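Hi everyone, thanks for making time this morning. I'd like to walk you through one structure, starting at a helix and working outward from there.

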Amino acid sequence: MSTLKNELCADLERRVSDRILEPTNADLLKKLIVNAESDNEAMMIAELGTTYKHTGLHFDKRLEKMTNEISYFRKNNMLSFHTDDDKPTNKLIIGDNYEALQNLLIQYKNHVDVIYIDPPYGKDSMGEFAKTNYENAITRDNLLSMLYPRLMLAKHLLSDSGVIFCSIDDKNQAYVKCLFDEVFGEKNFIGTMIWRKKAGGGQTDEFFVTEHEYIMSYRRTENFEWFDTKNDISEDSFKYNDNKGKYAISKLEKWGSSAHREDRPTMYYSIIDPDGNEIFPIAPDGADGRWRVGHDRMFRLIENEGIHWEYNIVAHRWIPYEKCYYSESSGKLNKSRSILYNVAETGTATKLLTSIFSKKDLFESPKPIELLKTIIEHVDSEVVLDFFAGSGTTGHAVLDLNAKDGGNRTFILCQLNEKTDTTPNGIAYDVTAKRLKRIMTGECYDGNKDFEWVKKNKPYGGNLDVYEIASVANFEATEGKTPFDVIDETLYGEEKFQSMHEKIDWVCQNFSQTQKRL
């Protein structure tokens, strides 16, 4: 029995112990899984036992269509390019991401460090069962049914120290989180970040202006590690100097909200100014105020000469400030925050895309590269995957982050070639591939170099292999057209096989999961 089947059966046992499934139902599902004709079919059977322990959420599950065709990667040599063979090669896969993930498992099982996805939770059809309703919005059952098998495949792609991030809106966050809890386990939930996607505007919103989206994060195992960034502070911003070195100052009287004595009575006490007078904190409105630090810390600052005094001639009093030394601040770790308030906005991403293509409204609501960079730079990563790639923001972010910190990360993007009014040849051809070509080489496929981005930025360089999803019947026997003839093992990290016997063994071993029967 395959490793995946064993894991699915073990997961059913967990659901029984958690009282999610009745033992008799679990036994029946296990029998069906053991006798399934492929790992893919086994996963579909396991899906039938999916329920939600804490919320009681249920959704009508729609299984992916089972066929006797093998899906495989076929290289698009017209769109692929190499600028420097000493640099790593990135990948763009054009086609249904379900089939793309199945094929990626052949080479990348447990080898992906970061997955970021921005699924189509609002509009547009994506995948076999993600049909749209009359408002062109994906129904929730279809969204969850579409996501479930893809998340199961993604889980097996992640390394033991890997992590997956998922952008989601207010309406679907609760439901999708239940699905992630089921697939990755609640104990592997890291947290949810809130991203402020726009400031102001939104006056057409019915009740109040919605400015945010969520980014959920789940680790694969407890081996995951989150790295805090270090302060990168310019020494020029430290304008004062004493015998300890350069320092900046911050006011010790509390300002803003909760600045009054009654807000924190224990923070209202006196200290002695340089003239020997006793002074108390004053609020911005002139009433009794409060200090920003407690009594003990204040007097440690006084004893260690950590207070900078300035005389205010208008108020006729001395104002105390805390000294913040450059030597203590530079290189200090910054603890990450869950609210991403001033990272970037959707409008920032739209302007960037316009500068690359010299066209407006080419792609609706792209994500800014600053958002992706903020996420990725906290994780020790070599391979970054996005299987809802859209305009290619994740790839752009990886390239920019590598240029910034000298990293050697590679990206894998998967995008269905949906056709829209602005992308008559499909999003993958008209936007994703062209964006990567322009920012990596400084020109488009047709040689066009007349776009704003390249006038202000240096192309990133590097290599891109573009694959498309092709299919072949598993019973195809025509010479030169059999699965063993058309599947190229070198696209999966293998050396060219020396004999057809080796090729047949490899195909039979690895491609059964991409169809029902081989």
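**A walk through the helices and cores**

Let's begin with K30, which lies in helix α2. Before going further, please keep in mind that what you see is a predicted model.

So, is K30 buried or exposed? K30 is buried: its relative accessible area is 18%, and the cut-off for buried is under 20%. Once you leave aside the neighbours within four places in sequence, the contacts of K30 are C9, L12 and E13. You can also look at the backbone here: K30 and A10 are 20 residues apart along the chain, and their C-alpha atoms are separated by 9.2 Å.

Those partners bring us to the helix pair itself. How do α1 and α2 pack? Helix α1 covers residues 3–17 and helix α2 covers residues 23–34, and the two pack at an angle of about 175° with their axes 10 Å apart. Angles over 145 degrees count as roughly antiparallel, so α1 is roughly antiparallel to α2. On the α1 side, the residues that meet α2 are K5, L8, C9, L12, E13 and V16. Facing them from α2 are P23, A26, L29, K30, I33 and V34. By type, the residues of this contact divide into nine nonpolar, three charged and no polar.

Now stay on α1 and turn to another partner, helix α3, at residues 39–47. The axes of α1 and α3 come within 9 Å and cross at roughly 10°. Here the cut-off is under 35 degrees, which means α1 is roughly parallel to α3. From α1, L4, K5, L8 and R15 make the contact, and from α3 we have D39, A42, M43 and A46. The residues of this contact divide into five nonpolar, three charged and no polar. If you compare the lists, K5 and L8 appear in the contact with α2 and also in the contact with α3.

**On to α4**

Next, please find helix α4, residues 97–108. How many of the residues of α4 are buried? The count is 10 of 12, so this helix is mostly covered, with buried meaning under 20% relative accessible area. Among the buried ones are N97, Y98, Q102, N103 and L104.

At the start of α4, a side-chain oxygen of D96 reaches to within 2.8 Å of the backbone nitrogen of Y98. N97, found in this helix, is buried with a relative accessible area of 3%. What does the side chain of N97 reach? It reaches the backbone oxygen of F387, at 2.7 Å. Not counting residues up to four places away in sequence, N97 touches R150, F387, F388 and C414.

At the other end, α4 is followed by N110, whose phi is positive, near 60°. As general background, most residues other than glycine have a negative phi. N110 sits in the loop between α4 and β4, and at 34% relative accessibility it counts as partly exposed. There is another residue to look at in the same spirit: S358 has a positive phi, near 55°. S358 is found in the loop between α9 and α10, and it is partly exposed, with a relative accessible area of 46%.

**The cores**

Let's finish inside. Nonpolar side chains tend to be buried together in soluble globular proteins. In this model, the largest nonpolar core has 66 residues, and L104, F180 and L385 touch the most other members. Which helix gives the most to this core? That would be α5, residues 140–157, with 10 residues. As for F180, its contacts beyond four places in sequence are I117, L151, I164, C166, G185, M216 and Y218.

A second, separate core of 45 residues includes L92, F224, V384 and L413. L92 is placed in strand β3, residues 89–94, and is buried with a relative accessible area of 0%. Leaving aside neighbours within four places in sequence, L92 is in contact with L413, T432, A433, L436, L464, D465, V466 and Y467. And one last distance for you: L92 and Q415 are 323 residues apart along the chain, yet their C-alpha atoms are separated by 7.7 Å.

That's my tour. Thanks for listening, and I'm happy to go back to any of these spots with you.

Key. Residues are numbered from 1 along each chain as its sequence is written. This is a predicted model: local features need pLDDT of at least 70, side-chain atom pairs count only at pLDDT 80 or more; totals for chains, interfaces and linings use all residues. Side-chain values use heavy atoms; hydrogens and water are left out. A nonpolar core is a set of buried Ala, Val, Leu, Ile, Met, Phe, Trp, Tyr and Cys residues joined through side-chain atoms within 4.5 Å. Buried means under 20% relative accessible area, exposed over 50%, partly exposed in between (1.4 Å probe, protein chains only). Helices (H or I, at least four residues) and strands (E, at least two) are DSSP runs, numbered from the N terminus. Contact means heavy atoms within 4.5 Å. Axes are lines fitted to C-alpha atoms, for helices over the stretch in contact, and angles run from 0 to 180 degrees between N-to-C directions. Angles under 35 degrees count as roughly parallel, over 145 as roughly antiparallel, 65 to 115 as roughly perpendicular and the rest as oblique. Ala, Val, Leu, Ile, Met, Phe, Trp, Tyr, Cys and Pro count as nonpolar, Asp, Glu, Lys and Arg as charged, and the others, Gly among them, as polar. A polar contact is a pair of N or O atoms within 3.5 Å; within protein, one must be able to donate a hydrogen and the other to accept it, and residues adjacent in sequence count only if both atoms are side-chain atoms.
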